[in-house]
Amino acid sequence: MDEKTIKKLLGLRIKQLRKKLQLTQFALGEIINLDQRQIAYIEGGNSFPSLKTLNKICYVFNCQIKDLFDFEHLIDEDNVKEKFAQKIQSMNDKKIQMYYQMINLVDNYV
């Protein structure tokens, strides 16, 4: 896995854990002494947090650093999205409409 991919997946993981605690980027930034823009860069995979920042994030999320690098489920999620996007590209308009309606039905029940 290259550095760019690791930064992206780490950002997604941090975002996922932040949302699980129902924290905004601003609130997380306040707690760990970073501004919201820095949190956005980290979550967007554009910036790699320092070890000190990683430790602060782990304190907030009550986890260990190794937990932040648990990307297994994120990789699968990205694969699903990529395959879904590829599938849509190969569909005609009528099929796309049908899938869209099915997704809306599922959203209403979930």
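# Helix faces and buried residues in a seven-helix chain

Modeller: Start with H2. The cover over its buried residues includes H1, H3 and H4.

Colleague: What kind of model is this, and how are residues numbered?

Modeller: This is a predicted model, in which local features need pLDDT of at least 70, side-chain atom pairs count only at pLDDT 80 or more, and totals for chains, interfaces and linings use all residues. Residues are numbered from 1 along each chain as its sequence is written, and side-chain values use heavy atoms, with hydrogens and water left out.

Colleague: How many helices and strands does the protein chain have?

Modeller: Helices are DSSP runs of H or I with at least four residues, strands are runs of E with at least two, and both are numbered from the N terminus. The protein chain has 7 helices and 0 strands. Its pattern along the sequence is α-α-α-α-α-α-α. The radius of gyration is 17 Å, well over the 13 Å that the globule rule gives for 110 residues, so the chain is more spread out than a compact globule. That radius is taken over C-alpha atoms, and the rule is 2.2 Å times the number of residues to the power 0.38. The C-alpha atoms fill a box of roughly 50 × 35 × 25 Å along the principal axes.

Colleague: What share of the 110 residues is buried?

Modeller: Cut-offs go before the count. Buried means under 20% relative accessible area, exposed means over 50%, and partly exposed lies in between (1.4 Å probe, protein chains only). Buried residues make up 27% of the 110 residues. The accessible surface of the chain comes to about 8300 Å², with 52% belonging to carbon and sulfur atoms. Those areas come from the Shrake-Rupley method with a 1.4 Å probe, and for residues only the protein chains shown count as cover.

Colleague: Of the contacts between residues at least 6 apart in sequence, what percentage joins residues at least 24 apart?

Modeller: Contact means heavy atoms within 4.5 Å. The figure here is 59%.

Colleague: Back to H2. Which of its residues are buried?

Modeller: General idea: an α-helix has 3.6 residues a turn, so residues three or four places apart point the same way. In H2, Gln25, Leu28, Gly29 and Ile32 are buried. Down the axis of H2, they fall within an arc of 100°, so they line one face of the helix. The arc is that of the directions from the helix axis to the C-beta atoms. The face turned away from this buried side carries the exposed residues Phe26, Glu30 and Ile31.

Colleague: And which residues of helix H4 are buried?

Modeller: H4 spans residues 51–61, and its buried residues are Thr53, Leu54, Ile57, Cys58, Val60 and Phe61. They cover an arc of only 160° around the axis, which puts them on the same side of H4. Leu51, Lys52 and Tyr59 are exposed on the other side. The buried set packs against helix H1 (3–20), helix H2 (25–32), helix H3 (36–43) and helix H5 (65–68).

Colleague: Is arginine 18 buried or exposed?

Modeller: Arginine 18 is in helix H1. With 6% relative accessibility, it counts as buried. Leaving aside neighbours within four places in sequence, arginine 18 is in contact with Leu23, Thr24, Gln25, Leu28, Glu43 and Phe61.

Colleague: What does leucine 21 touch?

Modeller: Leucine 21 is in the loop between H1 and H2. Its relative accessible area is 43%, so it is partly exposed. Not counting residues up to four places away, leucine 21 touches Val60 and Phe61.

Colleague: Which phi sign does glutamine 22 have?

Modeller: Most residues other than glycine have a negative phi, and most peptide bonds are trans. Glutamine 22 is not a glycine, yet its phi is positive, about 60°. It is found in the loop between H1 and H2. At 75% relative accessibility, glutamine 22 counts as exposed.

Colleague: What phi do the residues just after H2 and just after H4 take?

Modeller: Just after H2, asparagine 33 takes a positive phi of about 65°. Just after H4, asparagine 62 takes a positive phi of about 55°. Asparagine 62 is found in the loop between H4 and H5, and at 70% relative accessibility it counts as exposed.
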